[in-house]
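Let's take a friendly walk through this fold, from its strands to a single side chain. Please keep the sequence and the model side by side as you read.

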Amino acid sequence: MDEIVIKVSNLSKRFKDKVIFENVNFELTKGKIYGFTGYNGCGKSVLFKILSGLMSSTDGDVFIHNKKLGKDIDFPPDLGVIIESPGFLDDYSGYYNLKYLASIRNIIGEKEIKDVLKLVGLENDSNKKVKKYSLGMRQRLAIAQAIMENPKILILDEPFNGLDKNGVINIRNLLFNLKKNGTTILIASHISEDIRLLCDEVFEFDNSTLVKIIKR
């Protein structure tokens, strides 16, 4: 039986009189890639923020490894996340930015940071100041910070923004390898090819509800 990593029950979010989504239900299991699609503003980023513990829901519950978010835990453990534009220290190098972020939990060191920079193709630019990075390089750095501590859950909002063709292929292969190692991955993307090639199941927001449209 597949291990359930995330369970969402009757989840709703409203801002004053505006309904973002309501009565959302799904279960996500270990070692699969899940896609979330829909028009801009439909609720993908809001859902990801709720799952990450960065925003509270209006109604409903989220369980991460059978622990209730907001009650048993405030933030999901072993989570890597990209939501919107990550805030890096522009006057410092890519390596320093990752080192600074890694110091918060202090579970990885210099070797792991250098390894992940190589993994995303930034090994030759690791000492360059982030303000000199292109949009694609910033995105690679964002992916590096999301995966550097080997999270069990990866939540990625538009992870291919700014990447060139080779960058997209590189990151797709990286995500497939993480999946093989048991990582549960959630992706929101407006690029249908990314969703088609990567995802085991796809959910689409439609009129404030979430509908499963593909299951392999």
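Two strands are said to pair if DSSP finds at least two bridges between them. Helices (H or I, at least four residues) and strands (E, at least two) are DSSP runs, numbered from the N terminus. With that in hand, look at strand β1 (residues 4–15): eight bridges join β1 to β2, and the two run antiparallel. One of the bridge partners is easy to find, as arginine 14 faces valine 19 in β2.

A word on the source helps here. This is a predicted model, in which local features need pLDDT of at least 70 and side-chain atom pairs count only at pLDDT 80 or more, while totals for chains, interfaces and linings use all residues. Residues are numbered from 1 along each chain as its sequence is written, and side-chain values use heavy atoms, with hydrogens and water left out.

**The open sheet**

The β1 and β2 pair belongs to an open sheet of four strands in the order β2-β1-β4-β5, with antiparallel pairing. At the edges are β2 (18–29) and β5 (67–68), each of which pairs on one side only.

**The parallel pairs**

Now turn to some strands that pair in the parallel sense. The table gathers three such pairings.

| Strand | Partner strand | Bridges | Residues opposite each other |
|---|---|---|---|
| β3 (residues 33–37) | β8 (residues 184–188) | four, parallel | phenylalanine 36 and alanine 188 |
| β3 (residues 33–37) | β9 (residues 201–206) | four, parallel | threonine 37 and glutamate 204 |
| β6 (residues 79–82) | β7 (residues 153–157) | four, parallel | isoleucine 82 and leucine 156 |

How well covered is β3? Mostly: five of its five residues are buried, where buried means under 20% relative accessible area, exposed over 50% and partly exposed in between (1.4 Å probe, protein chains only). Ile33, Gly35 and Thr37 point one way from β3, Tyr34 and Phe36 point the other way, and all are buried. In a regular strand the side chains alternate between the two faces of the sheet. Strand β6 alternates too, but with a split in cover: Gly80 and Ile82 point to one face and are buried, whereas Leu79 and Val81 point to the other and are not.

**One helix residue**

Which helix holds arginine 138? Its place is in α4 (residues 135–147). Arginine 138 is partly exposed, with a relative accessible area of 23%. Not counting residues up to four places away in sequence, arginine 138 touches Phe88, Asp90, Val130, Lys131 and Tyr133; contact means heavy atoms within 4.5 Å. Arginine 138 and serine 85 are 53 residues apart in sequence, yet their C-alpha atoms are 9.1 Å apart in space.

**The whole chain**

Stepping back, the secondary structure comes to six helices and 10 strands. The C-alpha atoms fill a box of roughly 45 × 40 × 35 Å along the principal axes. For 216 residues, a compact globule would have a radius of gyration near 17 Å, and the chain agrees at 17 Å; the radius is taken over C-alpha atoms, and the globule rule is 2.2 Å times the number of residues to the power 0.38. Buried residues make up 46% of the 216 residues. Among contacts between residues at least 6 apart in sequence, 64% join residues at least 24 apart.
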